[in-house]
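Work through the following exercises with the sequence and the structure open beside you. Each task is followed by a solution that goes step by step.

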Amino acid sequence: VCEAEAAGMLVLVLSWLCLPAVASVSGGKLPEAEVKTEVLHRPFICHRKSKYGDMLLVHHDGFFENGTIFYTSRSQGAGDKDAMWFTLGIRQVIKGWDVGLQNMCAGEKRRLVIPPSLAYGKEGKGKIPPESTLTFIVELLEIRNGPRSHESFQEMDLNDDWRLSKDEVKEYLRKEYERYGYPPNDTLHESVAEDIFDKEDKNKDGFISSREFTYKHDEL
Ligand SMILES: *[C@@H]1O[C@H](CO)[C@@H](O)[C@H](O)[C@H]1NC(C)=O
Ligand SMILES: *[C@@H]1O[C@H](CO)[C@@H](O)[C@H](O)[C@H]1NC(C)=O
Ligand SMILES: [Ca+2]
Ligand SMILES: [Ca+2]
């Protein structure tokens, strides 16, 4: 299932299933590396700002220190085709993004200059050489409530009793599938809900409490 995430489909459901509830270790304090952030475009209207746990849809271009571009999400010239969804703050992306894309409005464009320790570090990755400082131009297209947000919980908790029953989870899955144009599939929803409860219903009382549901904050 997890590869399908990249397709941008069923984003909420899949990121709920596929992402670790708590991102990687990190533990100790990092050296004083900082992301340099510059706002290139600020939209006139801003209904909400990005925050920890939100799902963000972004376009981005990445540059090496010498100015050479190494990635652009627009290379196909096909509109939003390669824009990417990710969840902010849970280390799904490099740390420099988790830090540098907070408090951002939909429509806003930023330049981030990210030191290696908050990007791909000593090892580098793929065509990113070790110890690379990277510059990204990031345009935020859309913000959605994250799969683990308070808002998502309330949306799923149909009877407002502050816990999710299996039926409520199945109903949510059904709606998400519908939203993305998939036919509902009871067998599938049942087994997905089983999986979710296996993992998330920590005290095995048959409900997912709001505490069991929400992400633990990870130090940024
Ligand atoms: C710029 O830096 C990258 C990564 O170090 C390197 O691969 C590329 O060849 C450099 N380009 C120029 C024009 O120096
Ligand atoms: C429903 O999901 C199950 C389990 O993934 C699958 O085997 C079955 O083919 C699906 N049914 C339909 C109608 O898509
Ligand atoms: Ca409930
Ligand atoms: Ca429980």
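The model used in these exercises is predicted.

**Exercise 1.** Find what surrounds ligand 1, and state which side chains offer polar atoms to ligand 1.

*Solution.* Begin with the shell, which consists of Phe64, Asn66, Thr68 and Pro129. Sorted by class, these residues give two nonpolar, two polar and no charged members. Next, look at the polar contacts, for which the cut-off is a pair of N or O atoms within 3.5 Å. A polar atom in the side chain of Asn66 lies 2.4 Å from an oxygen atom of ligand 1, while an N or O atom in the side chain of Thr68 is 3.2 Å from a nitrogen atom of the ligand. Finally, consider the cover that the protein provides: ligand 1 taken alone exposes 360 Å², and the protein buries 36% of that area.

**Exercise 2.** Identify the donors of the calcium ion (ligand 3), and describe how they are spaced along the chain.

*Solution.* First list the donor atoms, which are Asp157 (OD), Asn159 (OD1), Asp161 (OD), Arg163 (O) and two OE atoms of Glu168, at 2.2 to 2.5 Å. Read along the chain, these donors follow the spacing D-x1-N-x1-D-x1-R-x4-E. Then examine the geometry: the angles among the six donor atoms run from 52 to 155°, and the site is irregular. For comparison, the ideal angles for six octahedral donors are 90 or 180 degrees. As a last step, turn to the record, where an unreviewed UniProt entry lists residues 144–179 and 188–220 under "domain: EF-hand". Over residues 144–179 the chain is 58% helix and 8% strand, with the end C-alpha atoms 14 Å apart.

**Exercise 3.** Repeat the analysis for the calcium ion (ligand 4), giving its protein donors, their spacing and the geometry of the site.

*Solution.* The protein donors are Asp201 (OD), Asn203 (OD1), Asp205 (OD), Phe207 (O) and two OE atoms of Glu212, lying 2.3 to 2.7 Å from the ion. Their spacing along the chain is D-x1-N-x1-D-x1-F-x4-E. The six donor atoms of ligand 4 make angles of 51 to 155°, and this site is irregular.

**Exercise 4.** Locate Asn103 and Glu131 in the chain, and describe the backbone angle phi at each.

*Solution.* Asn103 is placed in the loop between helix 2 (95–100) and strand 5 (109–114), and has a positive phi of about 55° although it is not a glycine. Glu131 belongs to the loop between strand 5 and strand 6 (134–144); its phi is likewise positive, at about 55°, although Glu131 is not a glycine.

Technical notes
Residues are numbered from 1 along each chain as its sequence is written. Chains are lettered from A and ligands numbered from 1 in the order in which they are written. This is a predicted model: local features need pLDDT of at least 70, side-chain atom pairs count only at pLDDT 80 or more; totals for chains, interfaces and linings use all residues. Side-chain values use heavy atoms; hydrogens and water are left out. UniProt positions are given in the numbering used here, feature names are shortened, and annotations may be inferred rather than shown by experiment. Helices (H or I, at least four residues) and strands (E, at least two) are DSSP runs, numbered from the N terminus. A residue is near a molecule or strand if one of its heavy atoms lies within 4 Å of it. A polar contact is a pair of N or O atoms within 3.5 Å; within protein, one must be able to donate a hydrogen and the other to accept it, and residues adjacent in sequence count only if both atoms are side-chain atoms. Accessible areas come from the Shrake-Rupley method with a 1.4 Å probe; for residues, only the protein chains shown count as cover. Ala, Val, Leu, Ile, Met, Phe, Trp, Tyr, Cys and Pro count as nonpolar, Asp, Glu, Lys and Arg as charged, and the others, Gly among them, as polar. Donors are N, O and S atoms within 2.8 Å of the metal (3.2 Å for Na, K and Ca); water is not among the atoms, so sites may look incomplete. Four donors count as tetrahedral if all angles lie between 85 and 135 degrees; four count as square planar and six as octahedral if opposite donors are over 155 degrees apart and all others between 65 and 115; anything else is irregular.
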